[in-house]
Amino acid sequence: MKTIGLIGGMSWESTAHYYRVINQETASRLGGLHSAPLIVHSVDFAPIAAMQSAGDWDGAGQQVATIALALQTAGAEVIGLATNTMHIVADAITRDLSVPFVHIADPTSDALLADGFETVGLLGTRFTMEMGFYRDRLAGRGLTSLIPEVDRTNLNGIIYEELCRGIVREQSRQIYITAIERLAARGAEAVILGCTEITMLIDDSVSPLPVYDTTDLHARALVGAALA
C-alpha cells in the first residue's frame with residue numbers, strides 16, 4: 001500500500017473523521033491489523049480562513065502547495081486535501097507534484113453517476129457554492145448542480161461558527177434540512193455535502209434527499225488510490 005499524504009486541519013474536526021475512515025477502509029480491504037501508512041500535515045486554520053475571507057487565494061494556494069510538496073518529499077505517494085473549499089487552489093497544488101492528487105469532487109461524481117443521478121443539490125461554504133471551481137468540475141462529468149437560492153450566508157456561518165468549532169445544534173440541522181427540501185422542490189435528485197463538516201449535521205437518516213458525503217467518499221478514494 002502506498003503512503004497517503006493528507007493536508008488537514010481545515011478544520012481538524014473533519015480531518016479526524018478522515019483519519020478514522022481511511023484506517024477503517026484499509027482494515028476492511030486488507031483485513032487483520034492492517035492500517036494505512038499515512039502522513040498528516042494539519043495546518044493552523046485561522047490564517048487560512050482569513051485568506052479565504054480576504055480573497056487571497058494565491059497566498060492560500062502557495063501555502064497549501066508548499067505543504068503538498070513537503071508531504072511528497074517526506075514519502076507520500078498519494079496526496080489528498082481534506083477540505084472541499086480549498087480545492088479552489090487544486091491547480092496550484094498539483095502544478096509541481098509528481099505523485100497523484102485525488103480531487104474530492106471526482107469520487108463524489110463517480111458515486112452519483114453510478115447511482116444514476118444527473119441533477120444534484122450542492123451545499124458547502126459560500127465559496128464552494130458560489131464560485132465556479134466545484135460546480136464546473138461536476139459539470140465536466142455531466143452533473144447539473146443546484147445551490148440554495150436563499151440562506152447561503154446563514155449556511156456558511158453555521159460551518160465556520162459552529163461545525164468547525166465542534167458545535168452541533170439541532171436548530172442548525174433544521175436549517176440545512178429546509179435548504180435540502182428547497183433544492184428537492186427545484187429538481188435536485190440527491191444532495192452533495194460539499195463541506196467536510198456538514199456530515200456532523202446531516203446524513204441519510206434526516207435528509208429529504210439521498211446524501212453524498214464528500215468526506216467519506218474522498219477518504220475511501222484515497223485508500224483506493226493507495227492500493228492501486
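This passage describes the sheets, helix contacts and cysteines of a predicted model.

Two open sheets give a convenient way into the structure. One of them has 4 strands in the order S2-S1-S3-S4, and its pairing is parallel. At its edges stand strand S2 (38-42) and strand S4 (101-102), each of which pairs on one side only. Strand S1 (residues 4-8) runs parallel to S2, and the two are joined by 5 bridges. A handy place to look at this pairing is Ile7, whose bridge partner in S2 is His41.

Helices pack on this sheet. Helix H1 (residues 12-30) lies across S1, S2 and strand S3 (78-81), and runs at about 160° to S1. Helix H10 also packs on the sheet, where H10 touches S1, S3 and S4. The direction of H10 makes about 170° with that of S3.

The other sheet is likewise open, with 4 strands in the order S6-S5-S7-S8 and parallel pairing. Strand S6 (144-146) and S8 stand at the edges with a single partner strand each, so one side of each has no neighbour in the sheet. From one strand to the next, the twist averages 30°. Within the sheet, S5 and S7 pair in the parallel sense over 4 bridges; Gly121, for example, has Val191 of S7 as its bridge partner. On the way to the S8 edge, 3 bridges join S7 to S8, and these two strands run parallel. Here Leu193 is matched with Asp213, its bridge partner in S8.

Strand S7 is worth a closer look for its side chains. In a regular strand the side chains alternate between the two faces of the sheet. In S7, Ala190 and Ile192 point one way, while Val191 and Leu193 point the other way, and all are buried. Two of these residues have already appeared in the pairing: Val191 is the partner of Gly121, and Leu193 is the residue whose partner is Asp213.

This sheet also carries helices. Helix H9 (residues 170-185) lies across S5, S6 and S7, and its run makes about 155° with S5. H10 packs here as well, touching S7 and S8, and its direction makes about 50° with that of S8. H10 is thus a helix to follow in the viewer, with contacts to S1, S3 and S4 in one sheet and to S7 and S8 in the other.

Helix H5 (residues 105-114) meets several of these elements. Its buried residues are Ala105, Pro107, Thr108, Ser109, Ala111 and Leu112. An α-helix has 3.6 residues a turn, so residues three or four places apart point the same way. The buried residues of H5 pack against strand S5 (119-123), helix H7 (132-140), strand S7 (190-193), strand S8 (211-213) and helix H10 (214-227). After H5 comes Gly116, which has a positive phi near 85°.

The packing of H5 on H10 can be described in detail. The axes of the two helices come within 8 Å and cross at roughly 105°. That crossing makes H5 roughly perpendicular to H10. On the H5 side, the contact is made by Pro107, Thr108 and Ala111, and on the H10 side by Thr214, Leu217, His218 and Ala221. By class, this contact has 4 nonpolar and 3 polar residues, and no charged ones. Pro107, Thr108 and Ala111 are also among the buried residues of H5.

A further helix pair involves helix H2 (residues 45-54) and helix H3 (residues 57-73), whose axes come within 8 Å and cross at roughly 150°. H2 is therefore roughly antiparallel to H3. Ile48, Met51 and Gln52 of H2 make the contact with Trp57, Gly59, Ala60 and Gln63 of H3. The contact of H2 with H3 has 4 nonpolar residues, 3 polar residues and no charged residues.

The cysteines complete the picture. A search of the whole structure finds 0 disulfides. A disulfide is a covalent bond between the sulfur atoms of two cysteines. For Cys164, the closest cysteine sulfur is that of Cys195, 6.0 Å away, which is too far for a bond; the cut-off for a disulfide is within 2.5 Å. Seen from Cys195, the closest cysteine sulfur is in Cys164, again at 6.0 Å and too far for a bond. Cys164 is buried, with a relative accessible area of 12%, and Cys195 also counts as buried, at 6% relative accessibility.

Methods
Residues are numbered from 1 along each chain as its sequence is written. This is a predicted model: local features need pLDDT of at least 70, side-chain atom pairs count only at pLDDT 80 or more; totals for chains, interfaces and linings use all residues. Side-chain values use heavy atoms; hydrogens and water are left out. Axes are lines fitted to C-alpha atoms, for helices over the stretch in contact, and angles run from 0 to 180 degrees between N-to-C directions. Angles under 35 degrees count as roughly parallel, over 145 as roughly antiparallel, 65 to 115 as roughly perpendicular and the rest as oblique. Contact means heavy atoms within 4.5 Å. Ala, Val, Leu, Ile, Met, Phe, Trp, Tyr, Cys and Pro count as nonpolar, Asp, Glu, Lys and Arg as charged, and the others, Gly among them, as polar. Buried means under 20% relative accessible area, exposed over 50%, partly exposed in between (1.4 Å probe, protein chains only). Two strands pair if DSSP finds at least two bridges between them.
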